[in-house]
Amino acid sequence: MPVSEEGRPGLLVVGGGAMGTALAGGLLRTGFDPHDLVVVEQRTERRHELSGLLPGVRIEAVPEEAEGAVVAVKPADAEPACRALGALGVPRVLSVMAGVPLARLAAWVGPGTALRAMPNVCGLIGEGVTALCGGSAEDRAWARQVLEPLGELVELPEDRFDAVTGLSGSGPAYVCLVVEALEEAGVLVGLPREVSRRLATRTVAGTGRLLLEGTADAAALRAQVTSPGGTTAAGLAALERRAARAAFLEAVAAATARAADLARGH
Ligand SMILES: NC(=O)C1=CN([C@@H]2O[C@H](COP(=O)(O)OP(=O)(O)OC[C@H]3O[C@@H](n4cnc5c(N)ncnc54)[C@H](O)[C@@H]3O)[C@@H](O)[C@H]2O)C=CC1
Ligand SMILES: O=C(O)[C@@H]1CCC=N1
C-alpha cells in the first residue's frame, strides 16, 4: 500500500484511541512505511500523545483522500466519520466498530466499498483474533493486509458478528476480571499482593499459550491438571457450585445482545 503517484497516503486510520493506535502501531511494527499512514484524531491533546506513540506517522485533525481507510471511532461517532470519507471518495473503508452494520456503513461511505472487522485488544501485541466480512475477495485481501499485524484472521458472515463481539471482542475484559479475582484470592490465602498478581497473570497467560501451542484442548488440559481427590478438583467443585460456567455463558450472551442493540441504534 504505497503512497500513490498523486501523493495520497496508502491508509488513513480515523480515530486514534485504543484500537486505532493498536492497529497503527501494529502496522509500523510489521514494516509498514510510516509515510504511507495518516492517523486522524479529533482531540488535540490525543494528537500530541499520538505523535510520541507513532514516530514518523502524520497525525491530522481531519481526513484527506487516501487509498483506503480504517474507522476506529466509537459507534456513536460513526456516521460523521464515515460520511467524511465518503465525501472524499475514499475507495475502501474498513470499520472495526462494534454493532455498526455493513448496510449502514455502505450508505454513509457512498461509492466506496465498506468492509467490517471485529478485532480485540490483544492485537496490540499481535496476539489478537479478528473477524472480517464485506466487499469482494480482492477487497478482503486488502483488508487482510491491513489487519494482519493484529494476529489471526477469520472470515465470517456478518450475521455472526454480534457473537464475535460478545466473545472475542469483549473477551479480554472477562479474562482480566478472572486475573483480578485470582489476585485477590491469592491475597486472601496469604500471598503478598505483588507476588499474587504475578502468579495470577502468569497462570492465565501461560495457560493461553499452552492451549495455543500444545496438543491438548481446554477440557483435556483441565483433566491433566486435576488429580483424583486432589486440590484442583476441590477448587473446580467450588467454581461449579458458584455457577462460574453459567456466568460466562450469560456474559457472552449479554454482550452479544448488546452488540445487536447497538446495531439497531439503541
Ligand atoms: N477497545 C477495544 O477492545 C475494542 C474496540 N472496538 C471498536 O473500536 C472502536 C474504537 O474503540 P476504542 O479505540 O476503544 O475507542 P476510543 O474512545 O479509545 O477511541 C476513539 C477515538 O476516536 C476519536 N474520534 C471520534 N470521532 C472522530 C472523528 N470524526 N475523526 C477523528 N477522530 C475521531 C476520539 O477522539 C477517540 O480518540 C469502537 O467502535 C469499538 O466498538 C472493537 C474491538 C475491540
Ligand atoms: O465494549 C465495547 O463496546 C467494545 C467492542 C468490543 C470491545 N469493546
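UniProt, in an unreviewed entry, places the feature "domain: Pyrroline-5-carboxylate reductase catalytic N-terminal" at residues 13-99. That makes a handy starting point for a walk through this model, which is predicted. Within residues 13-99, the chain is 38% helix and 18% strand, and the C-alpha atoms at the two ends lie 19 Å apart.

A second feature comes from the same kind of record: an unreviewed UniProt entry puts "domain: Pyrroline-5-carboxylate reductase dimerisation" at residues 158-261. Here the chain is 82% helix and 0% strand, with 15 Å between the end C-alpha atoms. The table sets the two spans side by side.

| Residues | Helix | Strand | Distance between end C-alpha atoms |
|---|---|---|---|
| 13-99 | 38% | 18% | 19 Å |
| 158-261 | 82% | 0% | 15 Å |

**Two domains**

The protein can also be divided into domain 1, residues 11-161, and domain 2, residues 171-262. Taken over C-alpha atoms, their centres are 32 Å apart. Where they meet, six residues of domain 1 are in contact with four residues of domain 2. On the domain 1 side of this meeting place there are four nonpolar residues, two polar ones and no charged ones.

Helix H7 covers residues 171-188. Its 18 residues reach 26 Å from first C-alpha to last, close to the 26 Å expected at 1.5 Å a residue. Just after H7 comes Gly190, which takes a positive phi of about 105°.

**Two ligands**

Now for the ligands. Which residues are closest to ligand 1? They are Gly15, Gly17, Met19, Met97 and Ala98, part of a shell of 27 residues. Two elements give two or more residues to this shell: helix H1 (18-29) and helix H3 (78-88). H1 gives the most, with three residues. Sorted by class, the shell around ligand 1 holds 15 nonpolar, seven polar and five charged residues.

Ligand 2 is surrounded by Ala98, Thr165, Gly169 and Ser170. What classes do the residues of this shell fall into? One is nonpolar, three are polar and none is charged. Ala98 is worth a look in the 3D view: this residue is listed among the closest to ligand 1 and is also one of those around ligand 2.

**Confidence**

How sure is the predictor of all this? The mean pLDDT of the protein is 94, and 97% of its residues reach 70 or more. For the complex, the predictor gives an ipTM of 0.97 and a pTM of 0.92.

Methods
Residues numbered from 1 in each chain as written. Chains lettered and ligands numbered in written order. Predicted model: local features only at pLDDT ≥ 70, side-chain atom pairs only at ≥ 80, totals over all residues. Near = placed C-beta within 6 Å. Helix = DSSP H or I, 4+ residues; strand = E, 2+ residues; numbered from the N terminus. Nonpolar A, V, L, I, M, F, W, Y, C, P; charged D, E, K, R; others polar. Expected span 1.5 Å × (residues − 1). UniProt positions renumbered as here; feature names shortened; annotations may be inferred. Domains from an automatic or database assignment. Contact = placed C-beta atoms within 7 Å. pLDDT = per-residue confidence, 0-100.
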